[in-house]
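The following exercises concern a single protein chain. Each consists of a task and a solution worked step by step.

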Amino acid sequence: MPEFAYYAVDPNGRERRGKVSAATDAAARANLETRRFHVVRMERHTLAEASAKDSIAQSFRSRRLSGKQLTLFTRQLATISQVSPLEEALRTIARQSEQPHVRAVVANVADGVVEGRRLADAMAREAKSFSPLYRAMVSAGESSGTLPDLLERLAALLERQAEMRGKVLSALAYPIVLTLVAIGVVAALMIAVVPRVVEQFDDVGQQLPLLTRIIIAISAFLASYWWAMLIVMALAAVAGWRALKDEGIRYAFDRSLLRIPLLGRLIRDLHAARMARTLATMIESRLPAVEGLKLTASTISNRALRRATEGVVDSIRAGGSISGALARAGVFPPLLVYLAASGESAGRLDSMLARAADYLEREFDNFTATALSMLEPAIIVVMGAVVATIVLAILLPILQLQSLIGG
């Protein structure tokens, strides 16, 4: 039976789009009129057209919303849904988007809502863009009738997470770039400059100083085998990447990261802050704590912390408290455990978890600021020492020759 795509207005004045199966155009219009829809436009879809459009839609759906796009979508939906029906808000966001794949994702969700699905169920059609955690929070808002308020909290959560990701990237970017530049400068000196300079000492007839001979040997090795070193490093990177896909190796690696002084504490506090803020938002949204922790665990990338969080879920299901389960896990910051215990006893677990997240994030900011203030000059000093050593190795034979000539 042919399908007809329609654009209509329902009895409440809302825009409706969808498809209806009927033998003829008149039958399709009659079907919609029985639902008291005022048909504005209708067109017939042949099988080939539908197939082509489905193929295009599928190619768009193979892409997903990025973290930034999801945050913007959530903020827009939280704002527009307060003054417009949900399906109209989704259509508005889709029309305003400049990226084709974003329009396709949002339009697909809007179609699901128009078909009568709940928003969380419609978002499940784009599971790559909307995680189970995201959909669970939206479902909780729909069930409690507080969807606009929940979308506001969810948007704030995503914005805060994006802010923390930005701080991590900015904290890592400068020292990484500085280190790469330092390595590039030293490599250029050793491969291109030093060999040309030491050629001048071939006919000296005197033994060169030990430091100069060491630098010449290193330079000759790098100039001859730099390509082999790059191949070895690439193979090592690929082997490490493949090894980390094994859950046992990944768990051991992540656990060893947590034991590294300073770095381990930084990773632990950063993950704990994200978990605490996410869990606080979910509890505030009236989602059960056990379900919130279970969904939160899937967002943790460190396998040791993820396994510990899953252990907390099992402990709570067995009848324990959240703070007690966090304490028994042994990997979460003591402050988080203490504030969780205080929140449980006072009946304010969500607000105390939010305060714990605020404190841990401030600690991260302070730690990264202090570490960067020490790391940047350390990299510069090390680079200066290496360059000075190379220059000294070149100058020593010259000074030796001058002393021989003077003698």
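**Exercise 1. Determine how far helix α4 is covered, and set this beside the figure for the chain.**

Solution. The model is a predicted one.

Step 1. Helix α4 spans residues 86-96 and is mostly covered, with eight of its eleven residues buried.

Step 2. The buried residues of α4 are Leu86, Glu87, Ala89, Leu90, Arg91, Thr92, Ile93 and Ala94.

Step 3. For the chain, 37% of the 407 residues count as buried. The chain contains 16 helices and three strands.

Step 4. Contacts can be sorted by separation along the sequence. Among those between residues at least 6 apart, 58% join residues at least 24 apart.

**Exercise 2. Characterise the second largest pocket by its volume, its lining and the helices that supply the lining.**

Solution.

Step 1. The second largest pocket holds about 960 Å³ of space. Its lining is made up of 34 residues, and those closest to the centre are Val168, Leu266, Ile267, Leu270 and Phe364.

Step 2. Sorted by class, the lining of this pocket comprises 21 nonpolar, six polar and seven charged residues.

Step 3. At least two lining residues come from each of α8 (147-198), α10 (247-259), α11 (263-284) and α16 (349-406).

**Exercise 3. Classify the arrangement of the rings of Phe130 and Tyr134.**

Solution.

Step 1. Two quantities are required, since a pair of aromatic rings is described by the distance of the centres and the angle of the planes.

Step 2. For Phe130 and Tyr134 the centres are 5.4 Å apart and the planes make an angle of 50°.

Step 3. Planes under 30 degrees apart would count as stacked and planes over 60 as edge-to-face. The pair Phe130 and Tyr134 is therefore tilted, at 50°.

Step 4. Both Phe130 and Tyr134 are buried. Together with Phe73, they form one aromatic cluster. The count of aromatic pairs comes to three.

**Exercise 4. Decide whether Asp254, Pro175 and Val102 are buried or exposed, and list the contacts of each beyond four places in sequence.**

Solution.

Step 1. The threshold for a buried residue is a relative accessible area under 20%.

Step 2. Asp254 lies in helix α10. Its relative accessible area is 3%, so Asp254 is buried. Beyond four places in sequence, Asp254 touches Ser301, Asn302, Arg303 and Ala304.

Step 3. Pro175 is located in helix α8. With a relative accessible area of 9%, Pro175 is therefore buried. Apart from neighbours within four places, Pro175 is in contact with Leu372, Leu375 and Ile379. The C-alpha atoms of Pro175 and Pro377 are 10.0 Å apart, although 202 residues separate the two in sequence.

Step 4. Val102 belongs to helix α5, residues 100-114. A relative accessible area of 10% applies here, so Val102 is buried. With neighbours within four places set aside, Val102 is in contact with Leu65, Gln69 and Ser97. Val102 and Ser129 are 27 residues apart along the chain, and 9.7 Å separates their C-alpha atoms.

**Exercise 5. Which ring does the charged end of Arg307 sit over, and at what distance from its centre?**

Solution.

Step 1. The ring is that of Tyr251, and the charged end of Arg307 sits over it.

Step 2. The distance from the charged end of Arg307 to the centre of the Tyr251 ring is 3.8 Å. The cut-off for this distance is 6 Å, taken from CZ of Arg.

Conventions
Residues are numbered from 1 along each chain as its sequence is written. This is a predicted model: local features need pLDDT of at least 70, side-chain atom pairs count only at pLDDT 80 or more; totals for chains, interfaces and linings use all residues. Side-chain values use heavy atoms; hydrogens and water are left out. Buried means under 20% relative accessible area, exposed over 50%, partly exposed in between (1.4 Å probe, protein chains only). Helices (H or I, at least four residues) and strands (E, at least two) are DSSP runs, numbered from the N terminus. On a 1 Å grid over the protein atoms alone, a cavity is a set of points where a 1.4 Å probe fits but cannot get out, and a pocket is an open set with protein on both sides within 12 Å along at least five of seven lines; lining residues have an atom within 4 Å of a point. Grid points are joined across faces, edges and corners, and a volume is the space filled by probe spheres set on the points. Ala, Val, Leu, Ile, Met, Phe, Trp, Tyr, Cys and Pro count as nonpolar, Asp, Glu, Lys and Arg as charged, and the others, Gly among them, as polar. Rings of Phe, Tyr and Trp (its six-membered ring) pair if their centres lie within 6.5 Å; planes under 30 degrees apart count as stacked, over 60 as edge-to-face and the rest as tilted. A charge sits over a ring if NZ of Lys or CZ of Arg is within 6 Å of the ring centre and within 35 degrees of the ring normal. Contact means heavy atoms within 4.5 Å.
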